[in-house]
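Hi everyone, and thanks for coming. Let me put the structure up on the screen, and then we can walk through a few of its features together.

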Amino acid sequence: LCCECGQAHPLLDNHLYNFQDEVDDELICHICLQPLLQPMDTPCGHTYCFKCLENFMQEYNFCPMDRQKLSFQQCHKSSLLVRNLLDKLIVLCPFKAECQQTMQRCELEAHLQNRCSGFKKYKSELQRKKNPISKGKEDPPAKGDTNTPKDPEVPSGGSSLVAESSGAAVVSLGTTEPGLVNPAFEETEEGENLPQRTSLVAETTTIEIHREDPEEELGMRIVGGKDTPLGNIVVQEVLRDSVVAADGRIAPGDHILEVNGVNISSVTHCQAVSFLRHPGPVLHLMVLQEKGFSNKTAQQDPTATNREVIHVTLVKRDRSEPLGIKLIRKTDEAGIFILDLLEGGLAAKNGKLSRNDRVLSINGQDLRQGTPEAAAQIIQTTESRVNFVILRQPGVQLGEPVEDGSTSNSSSSSSNGGSPVHHRRRPDQNHYRRKSNYQKKTVAIKKEPKESLGITIGGGRDNKNKLPIYVTSVQPIGCLFRDGRIKRGDVLLSINGIDLTHLNYYEAVSALKSNAASHSVTLKALEILSLNSPEPALDIREQGFSWSPLWITWLGLPSYLHFCQDIVLSKGNLESWGFSIVGGFEESKGNQPFFIKTIVPGTPAFRDGKLKCGDEIVAVNGVPAIGMSNSELIPMLKEQRNKVTLTVVSWPGSLV
């Protein structure tokens, strides 16, 4: 049986599918009389399967329908809209006896490979036949199961069950904004994009965290902030046995929007840490959780009572200019909504669209029951004027047009069809990456042989994040406290000429102790001096927090102190890599690092478990990413069909 469609057919023939409903005649190939696969358009206006047309043209030189003269080179792939409609056709799992699930046609291969018990049993039986010696060692079949799977057949009544979602958190169809890998679309052998899911469902949830000790840490690490390419505050890790872990509702990848009613979606990293470290018995958090892709049929349009209908027109300079809008679907309401506006994009500069606006129509096309893909398709094919009709809840404030570059770049997909956002150069533009300068210092002190250095350290290359050695405290005893030049947070480079940058923790402790026994000690250290004034809230008493440098501090380290690791991801032909990225070179901001922004459950990146939100991508398959724009890095990632090697630097998020 074919591993992609689960049915028997000659290797070079089209795949076979059992469709749940009768397929419209407009979507049928008139050579094989089956729903189109890899549809190709002829100049005379007819559409056929790629393989059907290719085979036909090897013998004939005319169109099968109207017999007009034709060559295969004149034909081209059908529009993305047609291909999406075809791949969204609902099919039945061919293993009726063991599996009654239905799914979109493009999802069948992933279903067979990862979730179908019938196909799994079929493969096990094949393995037994190939290796009869191991037959007796296999687990016995479950009660009621037969030893061999039944032949695939069409169920009489198709189940409405939908295969589990494993797509990546990307909304708009083929809309790869600057800083985004659109992992919901992977190129096929013919170079076309196949949709893996319908549309992204994101849910905003209010969570109350209760603490018996008001000063107990929450137990999670965060990354992001408006002073980084990530924009939003993102949960990187939830620590085991912590308050947040015990609650169980917050997970890595969640975006924290509010803390105790204060909007932190566009604050600096340090400010967000301060808000989240604020003591109290109850903490109210509003988080955005991307739930994956929904195949549910949209419900009837709810009443729009007490809402305001607004007309907004955006004018593109050319067809390829992006609007910079992130669109989503919600679990509890039909239609599509604006989740975010990309800084520097046309919509943000216009200032009339707002987050949480519901899109009723675009250019006169009704989208009340629409999807983000449909909206993106309309926007991408519009030459100039894009007319929105939106529905707004009363009291929602309009965002001001972006002029100073202070708005967070927190969007994960936009309606730009893969084109970069062309920012206009603005004076005094702040870089997303915190500007820092490094002060190397050499501290030479005379001391008594029995006098200790009086410091504690953290890090080490045996640490989970392979950190350099840094000072966690300077005790009020010892020669370094008296000298005053070594401070908490300094990165130690060497002691008496012994390099500390490649040592593990215990090796560094041993080196410091052995050299502290001499009459003189020479320490070389690195102090990161932020150009911004320090956040006063971070200088308060630690109140039980185990001190470690903030995530944003690590970003300022020089590259020779980075510890790079290779992460190898593998996937099937129709799977997504399952992550999105932000950052890269922009004319108005210069070079920015690429960061992992989202990792979607069920995808290769999630299953591998090594990649984390906030990780910095240094190279792809050995090719350095520094200096690249998104429009250069994204195609490189998409070109990798089944395997990709990401070289990343992983810094621990700030502990709150």
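Here is a question to begin with: the charged end of which residue sits over the ring of tyrosine 17? It is arginine 105, whose charged end lies 5.7 Å from the centre of that ring. Before going on, please keep in mind that this is a predicted model. A second contact of this kind involves lysine 571: its charged end sits over the ring of tryptophan 577, at 5.1 Å from the ring centre.

Now to rings that meet other rings. How many aromatic pairs does the structure hold? The count is twelve. One of them joins phenylalanine 56 and phenylalanine 62 in an edge-to-face arrangement, with 5.7 Å from centre to centre and 85° between the planes. Both phenylalanine 56 and phenylalanine 62 are buried. Tyr60 belongs to this picture as well, since ring pairs link Phe56, Tyr60 and Phe62 into a cluster.

Next, the strands. Let's start with an open sheet of three strands, in the order E1-E5-E6, where the pairing is antiparallel. Strand E1, residues 18-19, and strand E6, residues 102-104, are at the edges with a single partner strand each, so each has one side without a neighbour in the sheet. Strand E5 covers residues 90-92 and is joined to E6 by three bridges. If you'd like a spot to look at, find leucine 92: its bridge partner in E6 is threonine 102.

Further along the chain we come to strand E22, residues 455-460. Why is E22 described as largely enclosed by the rest of the structure? Because five of its six residues are buried. E22 pairs with strand E23, residues 467-474, in the antiparallel sense, and five bridges hold that pairing. Across from isoleucine 455 you will see valine 474 in E23. The two strands form a hairpin with six residues between them, and there lysine 466 takes a positive phi near 55°.

Last stop, the cysteines. How many disulfides does a search of the whole structure find? Zero. Take cysteine 2: the closest cysteine sulfur belongs to cysteine 5 and is 3.8 Å away, which is too far for a bond. Cysteine 2 counts as buried because its relative accessibility is 15%, and buried means under 20%. Cysteine 106 also counts as buried, at 3% relative accessibility.

That's my tour, and thank you for listening!

Note on methods:
Residues are numbered from 1 along each chain as its sequence is written. This is a predicted model: local features need pLDDT of at least 70, side-chain atom pairs count only at pLDDT 80 or more; totals for chains, interfaces and linings use all residues. Side-chain values use heavy atoms; hydrogens and water are left out. Rings of Phe, Tyr and Trp (its six-membered ring) pair if their centres lie within 6.5 Å; planes under 30 degrees apart count as stacked, over 60 as edge-to-face and the rest as tilted. Buried means under 20% relative accessible area, exposed over 50%, partly exposed in between (1.4 Å probe, protein chains only). A charge sits over a ring if NZ of Lys or CZ of Arg is within 6 Å of the ring centre and within 35 degrees of the ring normal. Helices (H or I, at least four residues) and strands (E, at least two) are DSSP runs, numbered from the N terminus. Two strands pair if DSSP finds at least two bridges between them. A disulfide is a pair of cysteine sulfur atoms within 2.5 Å.
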